[in-house]
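Student: I would like a close look at one part of this model, starting from a pair of strands and working outwards to whatever surrounds them. Please take me through it in one connected account.

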Amino acid sequence: MSKALYIDYHKCTGCRLCELVCSVSHDGISNPARSRIRVMKWEAEGLYVPMSCQQCQDAPCKLVCPVKAISRDDEMGRVFVDYDVCIGCRSCIAACPFGAMSFNLKDKKVFKCDLCDGAPQCVRFCEMKAVDFIDMDEVSIIKKRDAAKRLSVAGKEAGALEAGLHR
Amino acid sequence: MPLNRKIAYIDLTTGDIQIEPIPLEARKKFLGGRGLDAYLLYNHTKKGCDPLGPDNTLIISGGILTATCASATARTHIMAKSPLTGLLGSANMGGFFAPELAWAGFHHLVIKGKAKHPVYLYVHNGNIEIREARGIWGRSATEAQWAIREDLGDQEVKSCVCGPAGENLVRFACVMTGIKNSAGRTGMGCVMGSKNLKAVAARGTMDIKIARPAEALEYNKRFIDQIVSAKVNQTQGTLGTPFIWGATNSWGGVRCRNFQYNQCEYADDIEPERIDEICEETMGPYHMTGCFGCQVHCRAQYKIPDGPYAGRYDEGPEYTSLGAFGGETDTPRATTVLTGNHLVDQFGMDNLETGSLIAWAMELYELGIITAKETDGLDLRFGNDEAVIEMIERICYRKGWLADALADGGIAASEKIGKNSFDYLIQVKGMSNLHSDERATPGLALNIATASRGSDHLRSRPAIDLYHLPQTVLRKIYSNPVPYDGPLSSEHTEYVGKPWQVFWQENCYMGVDCLGICKYHTTFLGATLPNFEDWSKVLYYNTGLQMTPEEIWMVARRCNMIERLFNLREGLTRDDLKKGDMLNHRYFDEPCRRGAVDVIGIKIDKEKFMRMVDELYEHKGLDKVGVPKPETLKELGLENEPSHLI
């Protein structure tokens, strides 16, 4: 069963440790510009949203690649770049709707999340579990449960409100 | 490499900028951050320089481990001669500025001179540019940061700024970054204002090569596991620093009505759980945020629930704001605390100093030492919420006679107000105390009396003294990395052993400040957290620099001694009430009126206190009047200061 990154931005505290450990584990270097995951922030609202590769089934980066360097690795549940084939044209960066494909000026290479070959460091270090790694078919059940909880609370509140109004 | 980050010397008068490497010799002696700042300040200012003149040197830095794979290396340090105290000016803050500065290629910025008109510095990938800030001058601390992002067309820029209080030369103006991270104490924002320097903006994408990445990563994970497993950090990550308020107030350890009481009654509305409820109601279930790379996430997010500023977003309030705008002024209402916290964040003004001075003025008003004439008709009695909020704004903009006087700091204001107003001012070395009351804790009293930047809880506080830890645990903590076989007491009301604890903590806190790590990741509030031994490893894994725990201890001692040398040069004398290591007479004369059985009726015994100071001096290698002995300077390699290494 392949797993997916599951990002719940509500839980994100905005600390950016994921960016740090991503760049250190991949490149041995601290530099968010090298990180495969980036936290987008709206500080004035207290809103932080981690962004990474969605590992699309029908990936635009794969479709646009002129030399077929990008392929799907279904076993690992990821979209993968073969650097022996990649010509560094950066078409994939232009095509990605999430900004998940980046380019490293020093190494002159595109790079993206590779799920750390099945043990993502961002997940390992995120105590909040704002970034989690779970079975793909479990993603929706978590969301269902959360939504159901909200609905039931809303229902109770509406009931209480009504009771108050009719008193 | 972290060690190849540069130092820049910027002259705002001439526009000259010089960029230099930091020699390894300086690293080994002072590491970085606060320690190297202290060396730079001592070497780059002349005795008696005007804190608000062009000769004062403002130093902005990250620690040696900033932005590396050590945990929570978010701290920015700021140093200059203080316009509040005339002694050491030094303040430290979290956020995201220092890491950005490091990715932009720098660890230390040494800023001299005065710009002809408002400017800001833009530090970007090895370059520094002085840019126009006339359009940004006058804006609040947050608005200024967003304006700089617009000006540079880059939303990832991180800035540290002074707010309107700094521009108006309020002597205790902060340097701010983000929503509420503040280098709060000793008026570093005022120094920025005096130099026409609105902000320093940083943006960087330069690699920091980690010496041993695999080890650094694994050690970081171990660090984090240790840190998040500590109960104190779990509580902090849920309730933020206000969690301290609940315990200390019910115990009787917070100042109320300036210094009249040691407990704030009817404070249910500002209990940590109540503040947490407001955060949850206004920001949802996940309302905690953190600084760079930190898993403690101790900062709450909130919107002001009601009142004239209802709906405004801010972060905090910290423990300190609960005391400053709730306890000391006896206005324990959530709206008042949250509003006060928001205003000082926007103005860029030290919440501790502001609340403390307002509470002092309130006591003077109730005693008739100042009247409605001096307050311009404001009814400045304790418990008047509107008056507290009004005074915060008046101080920032120096509106009216009293606020203008207070904006110059407590000692200057007491000279202006006259009579016996000074007797009521709770300060050391010209800096107001935190809202805590140290009469039941001689160790903490010794800490505030002798801290290098004035009355201060973050420079040598043996906070774990309140936990009544068993002897064996105390022995384990305080006999490393150098042996100590003198007495230690688990009893917080005792005097024995406390000087060693204060000495040890002083070196511990200097250690983290040199590394650039947060104090919540060391022996401050949690007894089980990492210190010297771990730092030695984490330093090696990240920078390749090999130093033993004992060597790091020596660096800390050396840096503390440089701060001492600076203070002595600028006029510190041991028993001077305004410039010395001495407490206000009220600690010795007025017993605590409220609190638990081990607190009520207690006060500091002056004779024992003086003996503690003597003993602390001995540990530090100072003579009876607090001046370093020649052999101490030799031991620390400071016999030739100023040595102008950099």
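Tutor: Over 2 bridges, β14(B) and strand β15 (residues 299-303) of chain B pair in the antiparallel sense, and within β15(B) it is R299(B) that stands opposite T289(B). This is a predicted model, with an ipTM of 0.95 and a pTM of 0.97; for chain B the mean pLDDT is 97, and 100% of its residues reach 70 or more.

The two strands belong to an open sheet of 3 strands in the order β14-β15-β16 (chain B), where the pairing is antiparallel. At the edges stand β14 and β16 (313-315) of chain B, each with a single partner strand, so one side of each is left without a neighbour in the sheet.

The strand β14(B) also leads to the contact between the chains, where 33 residues of chain B meet 22 residues of chain A. On the chain B side, the elements that give two or more residues are α4 (141-152), β13 (208-209), α7 and β14 (288-289), and α7(B) gives the most, with 6 residues.

From α7(B) one can pass to another helix, since α7 (213-229) of chain B is among the elements that cover the buried residues of α20(B), together with α19 (498-515) and α21 (549-569) of the same chain. Helix α20 (residues 532-543) of chain B has 12 residues and reaches 16 Å from its first C-alpha to its last, close to the 16 Å expected at 1.5 Å a residue. Its buried residues are F532(B), W535(B), S536(B), V538(B), L539(B), Y541(B), N542(B) and T543(B), and just after the helix G544(B) takes a positive phi of about 85°.

The covering helix α19(B) has a further part to play in the description of the nonpolar interior. The largest nonpolar core has 239 residues, and those with the most contacts inside it are Y120(B), V123(B), V175(B), V200(B), A201(B) and A361(B); the largest share of this core, 10 residues, comes from α19(B). Setting aside residues up to four places away in sequence, Y120(B) touches R131(B), A133(B), I136(B) and I148(B), as well as the run of L197(B), K198(B), A199(B), V200(B) and A201(B).

A glycine elsewhere in the chain can be placed against this background. G187(B) lies in the loop between β11 (181-183) and α6 (188-194) of chain B, yet G187(B) is buried, because 34 other C-beta atoms lie within 10 Å. Again leaving out residues up to four places away in sequence, G187(B) touches S82(B), P83(B), L84(B), G89(B), R171(B), F172(B) and A173(B). By contrast, the C-alpha atoms of G187(B) and P499(B), which are 312 residues apart along the chain, are separated by 29 Å.

To return to strands, chain B also has an open sheet in which 6 strands follow the order β2-β1-β6-β3-β4-β5, and here the pairing is mixed. Its edge strands are β2 (17-21) and β5 (88-93) of chain B, each of which pairs on one side only, and the twist averages 15° from one strand to the next. Within this sheet, 5 bridges join strand β1 (residues 6-11) of chain B to β2(B), the two running antiparallel, and the bridge partner of Y9(B) in β2(B) is Q18(B).

Key: Residues are numbered from 1 along each chain as its sequence is written. Chains are lettered from A and ligands numbered from 1 in the order in which they are written. This is a predicted model: local features need pLDDT of at least 70, side-chain atom pairs count only at pLDDT 80 or more; totals for chains, interfaces and linings use all residues. Helices (H or I, at least four residues) and strands (E, at least two) are DSSP runs, numbered from the N terminus. The expected span of a helix is 1.5 Å times one less than its number of residues. A residue is buried if 20 or more other C-beta atoms lie within 10 Å of its own, exposed if 12 or fewer, and partly exposed in between; C-beta atoms are placed from the backbone. Two residues are in contact if their C-beta atoms, placed from the backbone, lie within 7 Å. pLDDT is the predictor's confidence in each residue, from 0 to 100. A nonpolar core is a set of buried Ala, Val, Leu, Ile, Met, Phe, Trp, Tyr and Cys residues joined through C-beta atoms within 7 Å. Two strands pair if DSSP finds at least two bridges between them. Axes are lines fitted to C-alpha atoms, for helices over the stretch in contact, and angles run from 0 to 180 degrees between N-to-C directions.
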